[in-house]
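Reader: Could you take me through one part of this model up close, and then show me how the neighbouring pieces of the fold are put together? Keep it casual, but do name the residues.

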Amino acid sequence: MKRTTMKDVARRAGVSTATVSHVINGTRHVEEPTRQAVIAAMRELGYQPNSIARSLRSGETKTIGLMVPDASNLFFADIARRIENIGYENGYSVILCNSDNDLAKQQEYVNTLIAKQVDGVIFISAGESREDLERLTASGTPVVVADRDVPLHLADVVLLDNEAAGYVAAGHLLDLGHERIACITGPPGVGPSMQRVTGCQRAMAERGLRLDESLILPGDFTIQAGLRGMETLLDRPSPPTAVFVLNDMMAIGAISTARRKGCRVPDDLSVIGFDDIELAPAVNPALTTMAQPVQEMAEIATGRLLEKIHSSDSNWENEQIILSAELVVRESTAARKS
Ligand code: RIB
């Protein structure tokens, strides 16, 4: 039988799940009529606040931790805002931990989250994070990993199908007649970056083409890397006619360098990015990109974590949820000039 959830009570009482949580936990004042409506809804639905899990963890802190690699990157800033909104709606505060792509700093933050006994953690890792995750899960802290993969026995995982997204992005350039395609990648060893390149190589191979290794430039997902990478590509004796930049922050830098060097985007050179950050439609030319389902990823990661926090099921089954990106064609790509 489906377990009645806080969401069911909120719907029946016509209030938010945060209000239901405040009535149950007494964490905020609720007007009496509303309080009575919530109590009536709990009674009618037979809802029992799951206090067992909370007491097992010697009282909840009503706080969740969120680890991100770079808070200044608009993709992470966006998903952090969405996760914070969902947490707040459910009566949770969110502690943002910015690892700055520094594994030592990430480890320190893991220690802090354990020490503060946060109720759960959404983890987007700076790089190889197995040891950090093993310490978190060993401490009994519920964890959901987003964006970057880890072995399933460690945590629930919400990912994008990056290989398929790379395949679609390259397919768009190939459909425009481009054959000499370059890539500016994310940091070495970061799964989503490597998988996007693999998808690009698969799309090219299907058309009898090969991604020239000398046109795969290492980046780090920052604007600076895009500025530098495009400088390198355009200084080549035979520049590419299209560049797949593996995130929008770098794509913005790349377009800026192209303009400075008198290379017109898209007339002389097509550029496609990845993420569809808020700035993507506002740059000139507006950026063609692969849109990530950020809201869906935030909802699934946070919803799954809150379920895990409230579950007393000692046989919890970790899940892997894979989402898809969508091609958004704007102005920065065009047919190759013959
Ligand atoms: O822009 C940051 C990138 O790193 C995004 O593409 C996201 O997938 C993360 O892995």
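**A close look at strand β1**

Author: Let's start with strand β1, residues 63-68, which is mostly covered: six of its six residues are buried. Keep in mind that this is a predicted model. Look at which way the side chains go: Thr63, Gly65 and Met67 point to one side of β1, while Ile64, Leu66 and Val68 point to the other, and all are buried. For a partner, β1 has strand β2 (residues 93-98), and the two pair in the parallel sense over six bridges. If you want a spot to find that pairing on screen, go to Val68, which stands opposite Asn98 in β2.

There's also an open sheet of four strands, ordered β7-β6-β8-β9, again with parallel pairing. Its edge strands are β7 (216-217) and β9 (270-272), each of which pairs on one side only. Further in, β6 (residues 181-184) and β8 (residues 242-245) run parallel to each other and share four bridges. Cys183 is a handy marker here, since its bridge partner in β8 is Phe244. Now bring in helix α11, residues 248-260: this helix lies across β6, β8 and β9, and runs at about 150° to β8.

On to the helix pairs. Two packed helices are described by the angle between their axes and the distance between the axes. Take α1 (residues 6-13) and α3 (residues 32-45): their axes come within 8 Å and cross at roughly 120°. That angle falls outside the parallel, antiparallel and perpendicular ranges, so α1 and α3 count as oblique to each other. Their crossing is right-handed. On the α1 side, the contact is made by Asp8, Val9, Arg12 and Ala13, and α3 brings Ala37, Val38, Ala41, Met42, Glu44 and Leu45. Sort the residues of this contact by type and you get seven nonpolar, three charged and no polar.

Helices α6 (residues 103-115) and α7 (residues 130-138) pack at an angle of about 5°, with their axes 10 Å apart. Angles under 35 degrees count as roughly parallel, so α6 and α7 are roughly parallel to each other. From α6, the residues involved are Gln106, Gln107, Val110, Asn111 and Ile114, and they meet Glu131, Asp132, Arg135 and Leu136 of α7. The mix in this contact is three nonpolar, three polar and three charged.

Note on methods. Residues numbered from 1 in each chain as written. Predicted model: local features only at pLDDT ≥ 70, side-chain atom pairs only at ≥ 80, totals over all residues. Heavy atoms only, no water. Axes fitted to C-alpha atoms, helices over the stretch in contact; angles between N-to-C directions. Parallel < 35°, antiparallel > 145°, perpendicular 65-115°, else oblique. Left-handed = near helix turned anticlockwise from the far one by under 90°. Contact = heavy atoms within 4.5 Å. Nonpolar A, V, L, I, M, F, W, Y, C, P; charged D, E, K, R; others polar. Buried < 20%, exposed > 50% of the residue type's maximum accessible area, 1.4 Å probe, protein only. Pairing = 2+ DSSP bridges.
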